[in-house]
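Open the model in your viewer and keep the sequence panel beside it. The tour goes from one selection to the next and says what is there.

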Amino acid sequence: MEAMVYEKGCIRCGLCAAVCPEVFSILPGEAARAETGDIPDAVQIEAQAAAEGCPVDAITIH
């Protein structure tokens, strides 16, 4: 599984980084970013929860 953030859709709320900081990060004034590569097994549930919780559906997990 990999995560991707659609940066133009991101509203910078920080929810993803709060729910799953192992995969998502956000810096002040910038869109959230997802770590590249496979999501570690130990945090796949948290990464999926972050994607589902995104208020603008700017995150995909595939």
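Select Cys10, in what is a predicted model. Cys10 has a relative accessibility of 11%, so it counts as buried, the cut-off being under 20%. The structure holds 0 disulfides. Cys10 is accordingly in no disulfide, and the nearest cysteine sulfur belongs to Cys16, 6.2 Å away. Now add Cys54, which is in no disulfide either; the nearest cysteine sulfur to it is that of Cys13, at 6.0 Å. Cys54 is also buried, with a relative accessible area of 12%.

**The whole chain**

Clear the selection and switch to a cartoon view. How many helices and strands does the chain have? There are 2 helices and 4 strands. Followed along the sequence, they come in the pattern β-α-β-β-α-β. The radius of gyration is 10 Å, close to the 11 Å that the globule rule gives for 62 residues, so the chain is as compact as a globular protein of that length. Turn the C-alpha trace along its principal axes and it spans about 30 × 20 × 15 Å.

Next, show the surface. The chain exposes about 3900 Å², and carbon and sulfur atoms supply 54% of that area. Of the 62 residues, 32% count as buried. If you draw the contacts with a sequence separation of 6 or more, 60% of them are between residues 24 or more positions apart.

**Helix α2**

Select residues 44-53, which form helix α2. Which residues of α2 are buried? They are Ala47, Ala50 and Ala51. These residues cover an arc of only 100 degrees around the axis, which puts them on the same side of α2. Rotate to the face turned away from that buried side, and you find the exposed residues Ile45 and Glu52. To see what covers the buried residues of α2, show the elements that include α1 (15-19), β2 (24-25) and β4 (59-61).

Stay in helix α2 and pick Ala50. Its relative accessibility is 0%, so Ala50 counts as buried. Leaving out residues up to four places away in sequence, Ala50 touches Leu15, Cys16, Val19, Cys20, Phe24 and Ile59. For a distance to check in the viewer, take Ala50 and Glu35: they are 15 residues apart in sequence, and their C-alpha atoms are 13 Å apart.

**The nonpolar core**

In soluble globular proteins, nonpolar side chains tend to be buried together. Here the largest nonpolar core has 18 residues. Which of its members touch the most other members? Select Cys20, Val23, Phe24, Ile39, Ala47, Ile59 and Ile61 to see them. Colour the core by element: β1, α2 and β4 each supply at least two of its residues. The largest share, 3 residues, comes from α2.

From that set, pick Ile61. Not counting residues up to four places away in sequence, Ile61 touches Met1, Glu2, Ala3, Phe24, Ile39, Ala47, Gln48 and Ala51.

**Strand β1**

Move to one of those contacts of Ile61, Ala3. Ala3 is found in strand β1, residues 3-5. Is Ala3 buried or exposed? At 12% relative accessibility, Ala3 counts as buried. Beyond its neighbours within four places in sequence, Ala3 is in contact with Val23, Phe24, Ala34, Glu35, Ile39, Thr60 and Ile61. Now add Gln48: Ala3 and Gln48 are 45 residues apart in sequence, but 8.8 Å apart in space, C-alpha to C-alpha.

**Two loop residues with positive phi**

Select Arg12, in the loop between β1 and α1. Arg12 is not a glycine, although its phi is positive, at about 65 degrees. With a relative accessibility of 43%, Arg12 counts as partly exposed.

The last stop is Asp57, in the loop between α2 and β4. What is the phi of Asp57? The angle is near 50 degrees, a positive value in a residue other than glycine. Asp57 is exposed, with a relative accessible area of 62%.

Definitions and conventions. Residues are numbered from 1 along each chain as its sequence is written. This is a predicted model: local features need pLDDT of at least 70, side-chain atom pairs count only at pLDDT 80 or more; totals for chains, interfaces and linings use all residues. Side-chain values use heavy atoms; hydrogens and water are left out. Buried means under 20% relative accessible area, exposed over 50%, partly exposed in between (1.4 Å probe, protein chains only). Contact means heavy atoms within 4.5 Å. The arc is that of the directions from the helix axis to the C-beta atoms. A nonpolar core is a set of buried Ala, Val, Leu, Ile, Met, Phe, Trp, Tyr and Cys residues joined through side-chain atoms within 4.5 Å. The radius of gyration is taken over C-alpha atoms; the globule rule is 2.2 Å times the number of residues to the power 0.38. Accessible areas come from the Shrake-Rupley method with a 1.4 Å probe; for residues, only the protein chains shown count as cover. A disulfide is a pair of cysteine sulfur atoms within 2.5 Å.
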